[in-house]
Amino acid sequence: MNARRRVPRGSAGRTDNLRIACAGPTGAGKTVYLASLLLAPHFHRSDTRRFRVGCDGDPNCERLLADAFKFISGDALNATAALTHYRARVDLPGSRLLHIGAQSVTLHLADPPGGDCLPASGPAHPEVTQTLARADALLLLLPADYAVLGAPLELPGRIAALGAEVGACKGLPTGEPPFRRVALVLSKAELLVHEHGRAAFRALERMTARPAIGKALGRNLLQAVESLAPAGAVGHSLVSVFGFTHGLGTIAAVPAGIGSWRLPIRDGQPNEAWRPYRVLEPVEFLARGLCWREQLVC
Amino acid sequence: MSQHRSIIFGPTKAGKTLFLASLQHAADNRERGEQGRNYRIQPHNPDATTLFANARELIAGNAAAINATRSLQRFEFGFRIDQGLDPLMRAWVSLRDFTRTVRGLAVDQGLEISMRDGPGGWLFDDSAVSVDGELDYQAEMVGRQELLDDLRAADSAILCIDATAPDRAMTFFRSLPSITGRLGSSTLPFKRLAICLTKADAHFQSERHSARRAMERQDPVARARTILTRPGVNALFNYLEIDAEVVVGWTSAFGFTANGEANFDPGTQSLLMHAGLVDAREAIEGWRPCNVLDPFVFLATGDPGNFRRWRP
């Protein structure tokens, strides 16, 4: 995510009590992403910028936190079987002096059965639409599998239709962007570089998110997403929940069957080497209109 | 008296109850005026009175007197530190206190500590180690919530972890981030946190007569890092205020004998020297819990004593 990108007046700056909705097609990794957010601050602790992510008393989120440990121990999270609402709170750090700019945002995920917020036909699940309609900002996850398999041709149309539904729910005039900011996140970004071996981390670090996503998913999709927010209020991010093996630079995930991956199992021992890749940056962008691109070392 | 809300927490079988139980004897059995201080501990509720009374049974060789906690108990006691002062300083302090009293200001003479002690497994989801006997599930749910509420409301805390059990790393790895997650994203309000590596006597027992010296030489921070695991340490420090003070140190409820040997009999799980083996006077004076007062002094005054400050 380009921290130096200028954001138009009215879009920049911190937003208190921001409600962020997460959405994405089935297989995008929405639940896994939220699970990784809950644990990420403990595995990648920065002394200068301390994020906190908590369940805020939400029982579904607490169950997800418990499941998150299975995930980093090498198990797979179960696919979403029933509509589940999650609510998590993210505390973003302020300045070192007097914590100026510190703020909290709330993340909401309405995970429908099958996990598909962008169904191929028909409208989205009503509760998904309502969750999106109550949100100020959108975190849209699309899987990097599309770079290999090709994005569904109708995906840009589905995104535009979802935007129109949400706008109608909010009572906005036709054509007006329904969200204040949108973060377009390419999840499973390690798939873009998995053939690079020990150079995988460096290869991903060299990529710039917007052109990489455009190349992977197509310009039409970029344009469809950019219609969901005012000009300049769309951020792009390459994210990997599995991350990279610290000290080696290889992707941390190992194959777990056809089309699926998991973290390596370490005989029941805690996988302290887990380093999720830039999972917090989309949230910070949505909260502030820009984010610090922390220099990572692997 | 200054009121402090403190909580003692840690996984099951970390030795929290015995640690607390040895507190009064530790204060009574110190050399008067040692380090310029005297300590007085006064139980203020039946649970605390019973706990301190049961602890004295250890001198008689009754190891079963202190059992792991099966229900939520609250121990309330006064912890008073009398600073040893020379006559001139004592006169000055008296004049200062008189002036404050005339002005209607409180005169700080000590601490009132309220500690809730619950089964460790209620906060740390530890299916590998369970308290013997039946657990009422409903009571456990209520108790866990009360412990979480106490965590939120406490201004200082003592975290007990078993120094002899590095395999408990999985407990902390799973539980500590989960506990802080259940608290929401608000910070833990602890101004001071003392991490006690309990059972130091058992940990260094193999050193025989050099046990105490070995304990004093070994860095407790390194051991705490190993047991808590990196994500556990990160979770703890992520949720503490930036200016929170954290110390870590070895503690031993059984203590060490005069010749440096651990005063712990692994066969009976009790004192090595007790009234069944030596005369009563020798047993009483020989039981000297090690460093159990230090965390309380730290919570009250900020003086780490024999503990080490930890700034990750």
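Buried means under 20% relative accessible area, exposed over 50%, and partly exposed in between, with a 1.4 Å probe and protein chains only. Helices (H or I, at least four residues) and strands (E, at least two) are DSSP runs, numbered from the N terminus.

This is a predicted model, in which local features need pLDDT of at least 70, side-chain atom pairs count only at pLDDT 80 or more, and totals for chains, interfaces and linings use all residues. Residues are numbered from 1 along each chain as its sequence is written, chains are lettered from A and ligands numbered from 1 in the order in which they are written, and side-chain values use heavy atoms, with hydrogens and water left out.

**View 1. Helix H13 of chain B is mostly covered.**
The helix runs over residues 294–301. Seven of its eight residues are buried. They are B:Asp294, B:Pro295, B:Phe296, B:Val297, B:Phe298, B:Leu299 and B:Ala300. B:Gly302 follows H13(B). The phi of B:Gly302 is positive, near 90°.

**View 2. Helix H1 of chain A meets helix H11 of chain B.**
Two packed helices are described by the angle between their axes and the distance between the axes. Axes are lines fitted to C-alpha atoms, for helices over the stretch in contact, and angles run from 0 to 180 degrees between N-to-C directions. H1(A) covers residues 30–43, and H11(B) covers residues 230–238. Their axes come within 7 Å and cross at roughly 95°. That makes H1(A) roughly perpendicular to H11(B). Angles of 65 to 115 degrees count as roughly perpendicular, under 35 as roughly parallel, over 145 as roughly antiparallel and the rest as oblique. From H1(A), the contact (heavy atoms within 4.5 Å) uses A:Pro41, A:His42 and A:Phe43. From H11(B) come B:Arg230, B:Pro231, B:Asn234, B:Ala235 and B:Asn238. By class, the residues of this contact are four nonpolar, three polar and one charged. Ala, Val, Leu, Ile, Met, Phe, Trp, Tyr, Cys and Pro count as nonpolar, Asp, Glu, Lys and Arg as charged, and the others, Gly among them, as polar.

**View 3. B:Thr229 sits in the loop between helices H10 and H11 of chain B.**
H10 spans 220–228. B:Thr229 is not a glycine, yet its phi is positive, about 70°. With a relative accessibility of 1%, B:Thr229 counts as buried.

**View 4. Helices H5 and H8 of chain A pack together.**
H5(A) covers residues 155–170 and H8(A) covers residues 219–226. The axes are 8 Å apart, at an angle of about 5°. That makes H5(A) roughly parallel to H8(A). A:Leu155, A:Pro156 and A:Ile159 in H5(A) touch A:Asn220, A:Leu221, A:Ala224 and A:Val225 in H8(A). Six residues in this contact are nonpolar, one is polar and none is charged.

**View 5. Helix H2 of chain A has the span expected of it.**
H2(A) has 14 residues, 59–72. The expected span is 1.5 Å times one less than the number of residues. For H2(A) that should be 20 Å, and its end C-alpha atoms are 20 Å apart, which agrees. Buried residues in H2(A) are A:Cys61, A:Leu64, A:Leu65, A:Ala68, A:Phe69, A:Phe71 and A:Ile72. A:Gly74 follows H2(A), with a positive phi near 110°.

**View 6. A:Arg278 lies in the loop between strand E9 and helix H9 of chain A.**
The strand is 261–262 and the helix is 281–288. A:Arg278 is not a glycine, but its phi is positive, about 55°. A:Arg278 is buried, at a relative accessible area of 7%.

**View 7. B:Leu151 belongs to helix H6 of chain B.**
H6(B) runs over residues 137–153. B:Leu151 counts as buried, at 2% relative accessibility. B:Leu151 and B:Ser6 are 145 residues apart along the chain. Their C-alpha atoms are separated by 8.5 Å.

**View 8. Confidence varies along chain B.**
The score is pLDDT, the predictor's confidence in each residue, from 0 to 100. Chain B averages 75, and 68% of its residues score at least 70. Residues 105–109 of chain B fall below 50, and this stretch has nine contacts beyond near neighbours in sequence. Helix H5(B), residues 120–123, has the lowest mean, 58. Strand E7(B), residues 245–250, has the highest, 95.
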